[in-house]
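Reader: Please take one part of this model and go through it closely. I would like the long helix and its charged side-chain contacts.

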Amino acid sequence: MNTTKNTVFKITPGLKREIIKIIDERIRQAHVTKEDFSELKAIVKDLGIKTAELAEAQKRTEERVEELAQAQKRTEERVEELAQAQKRTEERVEELAQAQKRTEERVEELAQAQKRTEEALTILTREHGITRKMLGGLSLTVGYRLEDEAFKALPQLLLENHGITVKGRLKRAFIKDKKNRDIE
């Protein structure tokens, strides 16, 4: 027998509310809201901006890497130049060392000559002192002799030039000047 039964289920209001609640919850979980979409749009836009900034930064980085490669090349060339200069400097230092050795030998010769000069100067200084003493004595003798002659003519000169008559004998004496110095 073929019997089809039409069965009707009756849904109670409580059951209906539960079903609606479950369906709403499922829709809410699967449904993208306008807020979610706007937020997602903002994130995508932000990612686009960040990607463009990263691309620009990458471009600048590549340019800087190229600059650094060129600088590295120049540095390597300069290092090579410095290596050559260092070699020339070492050769020059060797030449200077030889010149220094010759200079030291010459300085030693000059030191010996200086020693001989100092010895001769010591002798000359000693003899010069003796000569000065002798000359000083001679100078005093001549000076006194000139004064003796001047003493003879002085009375007449004082009388003629200043009207002073000398009485008695002239003798040498010292007096103080305005600055309290002895004058003859």
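Author: Helices here are DSSP runs of H or I with at least four residues, numbered from the N terminus, while strands are runs of E with at least two. This is a predicted model, in which local features need pLDDT of at least 70, side-chain atom pairs count only at pLDDT 80 or more, and totals for chains, interfaces and linings use all residues. Residues are numbered from 1 along each chain as its sequence is written, and side-chain values use heavy atoms, leaving out hydrogens and water.

Helix H2 covers residues 34-162, 129 residues in total. Its end C-alpha atoms are only 138 Å apart, short of the 192 Å of a straight helix at 1.5 Å a residue (the expected span is 1.5 Å times one less than the number of residues). At Ala 153, shortly before Pro 155, H2 has a kink of about 45 degrees; the bend is the angle between axes fitted to the seven residues ending there and the seven starting there. Gly 163, with a positive phi near 70 degrees, follows H2.

Arg 64 and Glu 67 form a salt bridge, with 3.1 Å between the closest N and O atoms. The term requires a side-chain nitrogen of Lys or Arg within 4 Å of a carboxyl oxygen of Asp or Glu. Because the two residues are three apart in H2, about one helical turn separates Arg 64 from Glu 67. Arg 64 is partly exposed at 47% relative accessible area, and Glu 67 is partly exposed at 44% (buried is under 20%, exposed over 50%, partly exposed in between, with a 1.4 Å probe and protein chains only). Salt bridges also link Arg 145, Glu 149 and Lys 152 in a network.
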